[in-house]
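Trainee: I'd like to get a feel for this model. Can we go through it with a few questions?

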2 protein chains.
Amino acid sequence: MSTTIKYEEKELKIVGTRPIRQDGVDKVTGRARYGADYDLPGQLIGKVLRSPHAHARIRSIDTSAAESLPGVKAVVTRDDFPDMPVEYAAAGEIVVNFFDVTRNVMAREKALYDGHAVAAVAATSESIAKQALKLIKVDYEILPHVIDVIEAMKPDAPLLHEHQYTQYVTPKPDRPSNIARRLEFKHGDIAAGFRQAEVVVEREFNTKPVHQGYIEPQACLASCSEDGQVDLWTSTQGHFVFRSQCAKLLQMEVSKIRVMPTEIGGGFGGKNTVYGEPVAIALSRKAHRPVKLVMTRDEVFRATGPTSGANVKVKMGCTKDGRITAAQAVLNYQAGAFAGSSVLPASISAFTRYALDNVHVVGNDVTVNRPKVAAYRAPGAPIGVFGVESVIDEMAKKVGIDPIEFRLRNAAREGTQTYYGLKLGPIGFMQTLEAAREHPNYRVPLGPNQGRGVATGFWSNAGHETSCALNINEDGTVALVLGTIDVAGGSRTAMAMMVAEELGIGVDKVRASHSDTTELGFNFVTAGSRGTFAGGMACVIAAREAIEKLKARVAKIREVPIETVEWKDGQARPAKGSAHQFAPMSLAEIAKVAGKTGGTIAGHAEINAQGAGPGFATQVVDVEVDRETGLVKVLRYTIAQDVGKAIHPAYVEGQFQGGVVQGIGWALNEEYVYGADGRLQNPGFLDYRMPVASDVPFIDTIIVEVPNPNHPYGVRGCGEVSIIAPMAAIANAIESAIGVRLCEQPMSPPRVLKAIDAAAGSKA
Amino acid sequence: MSTTIKYEEKELKIVGTRPIRQDGVDKVTGRARYGADYDLPGQLIGKVLRSPHAHARIRSIDTSAAESLPGVKAVVTRDDFPDMPVEYAAAGEIVVNFFDVTRNVMAREKALYDGHAVAAVAATSESIAKQALKLIKVDYEILPHVIDVIEAMKPDAPLLHEHQYTQYVTPKPDRPSNIARRLEFKHGDIAAGFRQAEVVVEREFNTKPVHQGYIEPQACLASCSEDGQVDLWTSTQGHFVFRSQCAKLLQMEVSKIRVMPTEIGGGFGGKNTVYGEPVAIALSRKAHRPVKLVMTRDEVFRATGPTSGANVKVKMGCTKDGRITAAQAVLNYQAGAFAGSSVLPASISAFTRYALDNVHVVGNDVTVNRPKVAAYRAPGAPIGVFGVESVIDEMAKKVGIDPIEFRLRNAAREGTQTYYGLKLGPIGFMQTLEAAREHPNYRVPLGPNQGRGVATGFWSNAGHETSCALNINEDGTVALVLGTIDVAGGSRTAMAMMVAEELGIGVDKVRASHSDTTELGFNFVTAGSRGTFAGGMACVIAAREAIEKLKARVAKIREVPIETVEWKDGQARPAKGSAHQFAPMSLAEIAKVAGKTGGTIAGHAEINAQGAGPGFATQVVDVEVDRETGLVKVLRYTIAQDVGKAIHPAYVEGQFQGGVVQGIGWALNEEYVYGADGRLQNPGFLDYRMPVASDVPFIDTIIVEVPNPNHPYGVRGCGEVSIIAPMAAIANAIESAIGVRLCEQPMSPPRVLKAIDAAAGSKA
């Protein structure tokens, strides 16, 4: 089965409209069931004991007192999880290393960060479970810790993993290091590029980890039967991947685990991997009762993946007429306690917006005593781009060219060769730049202490394994079952729209829902902006399969050759010019007799979708800086992004706005604050400041549609690009407003004030 | 797609063995979730107000006081259900008449039986709901009622339905009648047949309604959202059929209802149709909260379908050498309050075991003021066969021929033309007779007051719409999803066995489960012994589709033509004699790389299975009659039945034994007892006596396997035949024991005593 369907321009009736959201009402009324909304008779409450130390050897764990507490039904520690071999990825590949995953799920030799799971209990009530945690005695040998990425890279830094030697460097290092991997991309002649440059800008940037900030904490409910069958309800971006991970971690057969995805209250990359799920299963297996495990917000912050904090060095050169001649970056990314930061995609996305002859990128993936990072919307990209787009802004200002014009002069287009070996197909980057420049917001006059900033973003988007099924009901309505989770973006309705478009029926006739893991073939997590691209391709394949069956059925009923039947406007009818005339049959008419004429009609798809189309965005922001307090107020915001095709424009606009809002939070306020003891000091929404409604203006959206040739409707994907540019755009706007360049994130009032003072000092 | 796969003899590794039951442990531990085991946050408790009158016009219903009771969130009556047009079936067809169904779900113009639903409430607690029922004022005009089938057929009987004219009689009757339908089957020349007869026996039989007696009362949970989306959990034999029925009754689109089948604690035909489901949905729709509706046992007896009580007249003639020359029967079946008894299948099964030249069968479907009957295992057949096999026994005794020998002389075989137009294919009836005769039980010497009885049964078995999907997991295990409910007979494991056999892997690698209604195409109810026949055919089709994909994938990976790849023993390997040699790949090896080589591999089937093979059984029972008390003790029991092929012999034996036990209960003790007021007097297991373990001996089973040519493994179906013969076999055994023929069911101690007394009186 082909896993790419080419784009074909056609008249559209449903795709591109804005029908009502199928999962909307239940979410508004509170009827929708999230991870914590599931219960089973006789269930226990699970609680996890977490390390208070950033780095400590675990000498022993004594659970006997906890086990004796009445109401405690099971206690698990590292002894309940089998060890796993180390799995190394080839350069450029991403492999889940279960040696690490099992250690992150439950600390083994060492606790590696404040919040690291050390033991877990299941008890008949939450209060008993909490009491039991206090009775578990862990004998820690406290070790020196390191949380700063530059500190961690030093040869004499406290070492997290004795077995970890930096990968992809030759010769193989002779001693272990916190640098887990060193990536390098070379293109052209970087030295020659700098020699050609008339202007060179070099800057160093530092960012803090920020959390995905999903409103719903991780929550799951596991029931393990005496014969080893597991039912698992969980809030996840990918129930098939969670099934795989649990099966691997607990050494079970995949078929023995059935995962029911719940509604998900946000994920943004943070719910791509398991935390409590294998723990809940292990507890249930021991207790012979269902176990519910719901994280507190404190646990979410301390133990689930934030994105990397990083140190980024960027050096670029250009000619006076604004042609970039050299682009160099070093990206040092915190991985948290286990290798696997997003430095690879960050390295790729750093410069991929420009047609560059000379590029050099180095990426370091560095373990530190912090929670293992997880993906966060365009993983890693915003950090590197913060640096690159800040430097470009500075170059444009130095050569006196409008920032959009400067970018247009260097913009990548179809045929551009990237520095990592990819030749770009048709893309819409220049169109986003032009659209942003044309928008009225780009010409609004600015007042004192106000400034305008421009920045751009790129994401490659993704395909991967995807499946779906559609079943035509006896009244001609359609049940569409999706295997790729709708991470609250509205993809269910978007999929229903594509199916309705194909079948030629109203979108209200197609009801989309999720399957559990038994009912469809494997689906990758909803990540990489793959949902509507890959899911949509599967839906179109399934719909077209159903149409072929509908045509065949009508050919049988009307006794005509199938070649003479065409499907149009929801009907099987005589093909144009066919000698065989017959009364057309609508989908509802066929459905009514389907049972008696051979069985109901269905379509299926199990694919590995290929041909994802890269997405680009240009963002323009106006800010006003309060020189007294350092407060940066966002006045207006414009985003133009190429999505290939907006199936449901309102959802696309929502993705644009959501990404921008998260980017604003990242830029201005969010950060993990650690004490000298290596403990997280702000694990809650009171002290970790995410943007609220009053922090953000209305965000103007411009949808650019340059069709992806490798999708039947031209879809590229739209979820991630929007978060990439805000940090840089806001830094550039601040610089325009007050002439001070911020290279530290977040650009919170104290940091802005400090930068103003430093600038004043240097001028004085 | 072909919906018949021909039988092919082959060496079997899994089919025919007895692996462990996949749903067994959860049922033993109590983890399995039945209808009443589901709860939703904020759910209300629904309760139904039922008519205390057997027949009454409903002048008005005042729900205002109930609605005002604090805690009551919704009240529904007939006004909440749209009326439906009358739908008549053609002769020989079975059509669900929604005009009746909506009236059975909620009484409209009249209450037609004691227990008929008249209103329902949803409240925050059960006690409030019960209180609310008492506050509903129903103004009844009590009408004369009729519960006896013969009384109801009289022209001056109280009439249930003014619009009901007897169907299928010409000329069309000029006045309405309680006889809803009159069926007639004529074959040969019945008068000539009786003229040829040297012995004629004519008898009249009467039976009482008996209940299916499932341990789990009907239970459901409905949640209707503000935008009209319904989630429904229910204990059902067919979730797709329940979805259809609810959609029709509430005039909703099918796609708006998602039905999740729960484990089912017995159905036996009684859970083929909705009762509380549309009521719960209507309540939830009104209350905007989930509503749980669980019947009490009293409600189950009063308001859900028992089988028909009946009056049966049988007249047969034979020659002295035991050749049946004429067979005549009149079957008068109670339909309950609405037309639709099982008199049609009863008419067909009455004589279909014998090759007969002259047959005349009349069947009347008669409405009476009793709960509407429902299907019960081989619907209707045991009643008619009670009469026919009793008369045959009497004939055999009169001509002095062994009862098995007598039946062998008349037995139907391949090619026999039935009296309703069907020519029988290969069948195993004679083999069951011979097997029973050969069994040691047939030669055990009998003591005083002990007797041996023989009787036989036939069921046509069925196919119908069926679907399934199988998904090959990444570790080579298989998730098999079934749309046809496992009504606790073990069909899940049987299906897994057929899939494992096809794929060439262990049955422990295949995990079977049920889908909800969104995930597969329409499935008919599990009824007519269709589960393993039709479901198995779907599974084989899906497995073979998957095998084709597996072969194609290996051809692609190994770069060989697909024709050179064969599937054997769980491997794709070079076809015998092929020039293309390559390393074989096991299913697990292919599964591991499936994602990266084109997507996961699945198989699907949506079929209308054709070619069900008729099933036959011969049963032999020994009883001892206590002449003082009238108690009949069953000493030993033997059943030989042709199932075509026993996929899992233990489940087949279980079906044999279960059917026999239910037949013993029916024969000896079970009955609905009504008062003169038309009210049911024994709606509970204390007064309605079902057999318990001490009532039944070990039941010896003989599996006969004459393959059904229209099933890949030769399956016929096995669930129903076993219940058909016990009533007749026991009556025949009693006659052998004490020389008294019982023609009234149940043959309970008082009736047996009465018959003994009557016989003594007539002799005196």
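Mentor: Sure, let's take the ground rules and then your questions.
Mentor: This is a predicted model, where local features need pLDDT of at least 70, side-chain atom pairs count only at pLDDT 80 or more, and totals for chains, interfaces and linings use all residues. Residues are numbered from 1 along each chain as its sequence is written, chains are lettered from A and ligands numbered from 1 in the order written, and side-chain values use heavy atoms, without hydrogens and water.

Trainee: What kind of axis relates the two copies?
Mentor: Superpose them by least squares on the C-alpha atoms of residues with pLDDT of at least 70 in both. Chain B then lands on chain A with an RMSD of 0.0 Å, after a turn of 180° and a shift of 0.0 Å along the axis. So the copies are related as by a two-fold rotation axis.

Trainee: Which residue of chain B comes closest to the rotation axis?
Mentor: Go by C-alpha positions here. At 3.3 Å from the axis, the answer is E519(B).

Trainee: How many disulfides are there over all chains?
Mentor: A disulfide needs two cysteine sulfur atoms within 2.5 Å. The sulfur of C246(A) is 8.0 Å from its closest cysteine sulfur, in C220(A), so that's too far for a bond. C224(B) is 11 Å from the sulfur of C246(B), also too far. Searching the whole structure gives 0.

Trainee: Is C246(A) buried or exposed?
Mentor: Buried means under 20% relative accessible area, exposed over 50%, and partly exposed in between (1.4 Å probe, protein chains only). C246(A) has 0% relative accessibility, so it counts as buried.
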